[in-house]
Amino acid sequence: QVQLVESGGGLVQAGGSLRLFCAASGRTFTFYRMGWFRQAPGKAREFVAAIRWREGSTYYATSVKGRFTVSRDNAKNTVFLQMNSLQPEDTATYYCAVRRDTSSEYEYWGQGTQVTVSS
């Protein structure tokens, strides 16, 4: 089993920054990729960023490229999402998720952390 716990969300003014954390536990040696997703009220969940657990390759949605940075600390089984130049449209619940070696989908999800950006 895998457990994911996000933290670091909050309220910030436009132009500000936040750093999200996702702490993983369980069979982390099976991880292939960890991703960040977000869902705003009334909207579908969307991909934000991802990182390959071993190699560290990163991937970003066009809407956040250049503003957000995903990173990981394998020793601490933690993934980070540094969010800079936040805008009101970034307001959403942010979720981390893990895709294992044996799967083509993100199988495990955290409970989410709320990010609110005021104008």
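Which residues does Ala97 touch, not counting residues up to four places away in sequence? The first close-up takes up that question, and the later ones move on to other parts of this predicted model.

**Figure 1. A close-up of Ala97 in strand β9.** Leaving out residues up to four places away in sequence, Ala97 touches Leu4, Arg33, Met34, Gly35, Phe37, Tyr106, Tyr108 and Trp109. Is Ala97 buried or exposed? Ala97 has a relative accessible area of 0%, and anything under 20% counts as buried, so Ala97 is buried. For a sense of distance, look along the chain to Val117: Ala97 and Val117 are 20 residues apart in sequence, and their C-alpha atoms are 23 Å apart in space.

**Figure 2. The whole chain, for orientation: eleven strands and zero helices.** Reading along the sequence, you meet β-β-β-β-β-β-β-β-β-β-β. The radius of gyration is 13 Å, close to the 14 Å that the globule rule gives for 119 residues, so the protein is as compact as a globular protein of that length. Along its principal axes, the C-alpha trace spans about 40 × 25 × 25 Å. Of the 119 residues, 44% count as buried. Take the contacts with a separation of 6 or more: residues 24 or more positions apart account for 52% of them. As for the outside, the accessible surface comes to about 6,100 Å², and 47% of that belongs to carbon and sulfur atoms.

**Figure 3. The largest nonpolar core, with 30 residues.** Which residues have the most contacts inside this core? They are Leu4, Met34, Trp36, Leu81, Met83 and Tyr94. Plenty of strands chip in: β1 (2–7), β3 (18–26), β4 (31–39), β5 (46–52), β7 (68–73), β8 (78–83), β9 (92–100) and β11 (113–118) each supply at least two residues of the core. Now zoom in on Tyr94. Setting aside residues up to four places away in sequence, Tyr94 touches Glu6, Leu20, Phe37, Arg38, Val48, Phe68, Leu81, Met83, Gly112, Thr113 and Val115. Two of these, Leu81 and Met83, are also on the list of residues with the most contacts inside the core.

**Figure 4. The disulfide between Cys22 and Cys96.** The count for this protein comes to one disulfide, and here its sulfur atoms sit 2.0 Å apart. Where do the two cysteines lie? Cys22 is in strand β3 and Cys96 in strand β9, so the pair, 74 residues apart, links distant parts of the chain. The torsion about the S-S bond is about 55°, so the disulfide is right-handed. Both Cys22 and Cys96 are buried.

**Figure 5. Arg38 and its salt-bridge partners, Glu46 and Asp90.** How many salt bridges are counted in this protein? The count comes to five, and two of them are in this view, starting with Arg38 and Glu46, whose closest N and O atoms are 2.6 Å apart. Arg38 is buried, with a relative accessible area of 5%, whereas Glu46 counts as partly exposed at 33% relative accessibility. The side chains of Arg38 and Asp90 also meet in a salt bridge, at 2.9 Å from N to O. Arg38 lies in strand β4 and Asp90 in the loop between β8 and β9, so this pair ties together parts that are 52 residues apart in sequence. Asp90 is buried too, just like Arg38. Salt bridges that share partners join Arg38, Glu46, Arg67 and Asp90 into one network.

**Figure 6. Loops meeting around Asp101, Arg54 and Thr30.** Asp101 forms a salt bridge with Arg54, with the closest N and O atoms 2.7 Å apart. Asp101 lies in the loop between β9 and β10 (108–109) and Arg54 in the loop between β5 and β6 (58–60), so the pair ties together parts that are 47 residues apart in sequence. Both ends count as partly exposed: Asp101 has a relative accessible area of 41%, and Arg54 has 43%. Thr30 joins in from the loop between β3 and β4. Leaving aside neighbours within four places in sequence, Thr30 is in contact with Arg54, Arg100 and Asp101. Thr30 itself is buried, with a relative accessible area of 13%.

Key. Residues are numbered from 1 along each chain as its sequence is written. This is a predicted model: local features need pLDDT of at least 70, side-chain atom pairs count only at pLDDT 80 or more; totals for chains, interfaces and linings use all residues. Side-chain values use heavy atoms; hydrogens and water are left out. A nonpolar core is a set of buried Ala, Val, Leu, Ile, Met, Phe, Trp, Tyr and Cys residues joined through side-chain atoms within 4.5 Å. Buried means under 20% relative accessible area, exposed over 50%, partly exposed in between (1.4 Å probe, protein chains only). Helices (H or I, at least four residues) and strands (E, at least two) are DSSP runs, numbered from the N terminus. Contact means heavy atoms within 4.5 Å. A disulfide is a pair of cysteine sulfur atoms within 2.5 Å. The radius of gyration is taken over C-alpha atoms; the globule rule is 2.2 Å times the number of residues to the power 0.38. Accessible areas come from the Shrake-Rupley method with a 1.4 Å probe; for residues, only the protein chains shown count as cover. A salt bridge is a side-chain nitrogen of Lys or Arg within 4 Å of a carboxyl oxygen of Asp or Glu.
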